[in-house]
Amino acid sequence: MLFRTMACNFRIGHGYDVHALGEGRPLVIGGVHIPHERGCIAHSDGDVAVHALCDALLGAAALGDIGLHFPDTSEEFRGADSLGLLRRVVAMLAEHGYDVVNVDVTIVMQRPRLRPYIDNMRTAIASAAGMSVDAVSVKATTEEHLGFTGREEGVAAHAVALIATI
Ligand code: MG
């Protein structure tokens, strides 16, 4: 019975997002501004990592997805700071009785190398989500010049999140 109770207290979610890269856009990933000649084309600030994370958290709680709660047709979310959206998602989960246990994000981008920005991304995400930094993992990889990320046409991000009833 204990196992069953514990098993019911934890829920896992997955998120995935892609944005095309375009000229004249700032590049914001994981809440961090990254100097680059192109940025993500989007209605909001185009933070692909935070969008994937929001979808993972909403998915864990079965509360829909980021497009449902923050539609890209709404003027309210034009140029939106995605960390603000993350803050709202975590608050939404708390209203439904969920706390975030840990999250793990993988960013897929050919260039620039993201390693120098990873720790700042973890701090920014942890701060927005009200989590401890050691519960926030951010990783980056390339796809070895293959596909749309490899051709530098876009950026992808995957995220998983574990949440628990408070
Ligand atoms: Mg997005």
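Modeller: Before we read the metal site, let us fix a term: a donor is an N, O or S atom within 2.8 Å of the metal, a limit that becomes 3.2 Å for Na, K and Ca, and because water is not among the atoms, a site may look incomplete. Please keep in mind that this is a predicted model.

Biologist: With that in hand, which residues coordinate the magnesium ion, and through which atoms?

Modeller: The magnesium ion is coordinated by Asp17 through OD, by His19 through NE2 and by His51 through ND1, at 2.1 to 2.2 Å. Written along the sequence, these donor residues follow the spacing D-x1-H-x31-H. Asp17 belongs to strand β1 and His51 to helix α2, so this pair ties together parts that lie 34 residues apart in sequence.

Biologist: Are Asp17 and His51 buried or exposed?

Modeller: Both Asp17 and His51 are buried.

Biologist: How should I read the largest pocket, and which residues lie nearest its centre?

Modeller: A pocket can be read through its volume, its lining and the character of that lining. Here the largest pocket holds about 220 Å³ of space, and its lining consists of 13 residues, with Ser44, His51, Ile66, Phe70 and Asp72 lying nearest the centre. The elements that contribute two or more residues to this lining are β1 (10-23) and α3. By character, the lining divides into six nonpolar, five polar and two charged residues. His51 therefore appears twice in our discussion, as a magnesium donor and as one of the residues nearest the pocket centre.

Biologist: Turning to the backbone, where is there a cis peptide bond?

Modeller: The torsion to read is omega, which is about 0° for the cis peptide bond joining Arg111 and Pro112. Pro112 sits in the loop between β5 (98-108) and α5 (118-129).

Biologist: And which value of phi does His145 take?

Modeller: Phi of His145 is near 70°, a positive value in a residue other than glycine; Glu152 likewise has a positive phi, near 65°. His145 lies in the loop between β6 and α6, whereas Glu152 lies in the loop between α6 and β7 (154-165).

Biologist: Why does His145 count as exposed, and why is Glu152 buried?

Modeller: The cut-offs decide, because buried means under 20% relative accessible area and exposed means over 50%. His145 has 55% relative accessibility and so counts as exposed, while Glu152, with a relative accessible area of 18%, is buried.

Biologist: What surrounds Thr142?

Modeller: Thr142, placed in the loop between β6 (136-141) and α6 (147-150), is buried at 16% relative accessible area. Its side chain reaches the backbone nitrogen of Glu144 at 3.2 Å, and, leaving aside neighbours within four places in sequence, Thr142 is in contact with Val108, Met109, Gln110 and Arg113.

Notes: Residues numbered from 1 in each chain as written. Predicted model: local features only at pLDDT ≥ 70, side-chain atom pairs only at ≥ 80, totals over all residues. Heavy atoms only, no water. Helix = DSSP H or I, 4+ residues; strand = E, 2+ residues; numbered from the N terminus. Buried < 20%, exposed > 50% of the residue type's maximum accessible area, 1.4 Å probe, protein only. Polar contact = N/O pair within 3.5 Å; in protein donor to acceptor, adjacent residues only side chain to side chain. Contact = heavy atoms within 4.5 Å. 1 Å grid on protein atoms, 1.4 Å probe; cavity = no way out; pocket = protein on both sides within 12 Å on 5 of 7 lines; lining within 4 Å. Points joined across faces, edges and corners; volume = space filled by probe spheres on them. Nonpolar A, V, L, I, M, F, W, Y, C, P; charged D, E, K, R; others polar.
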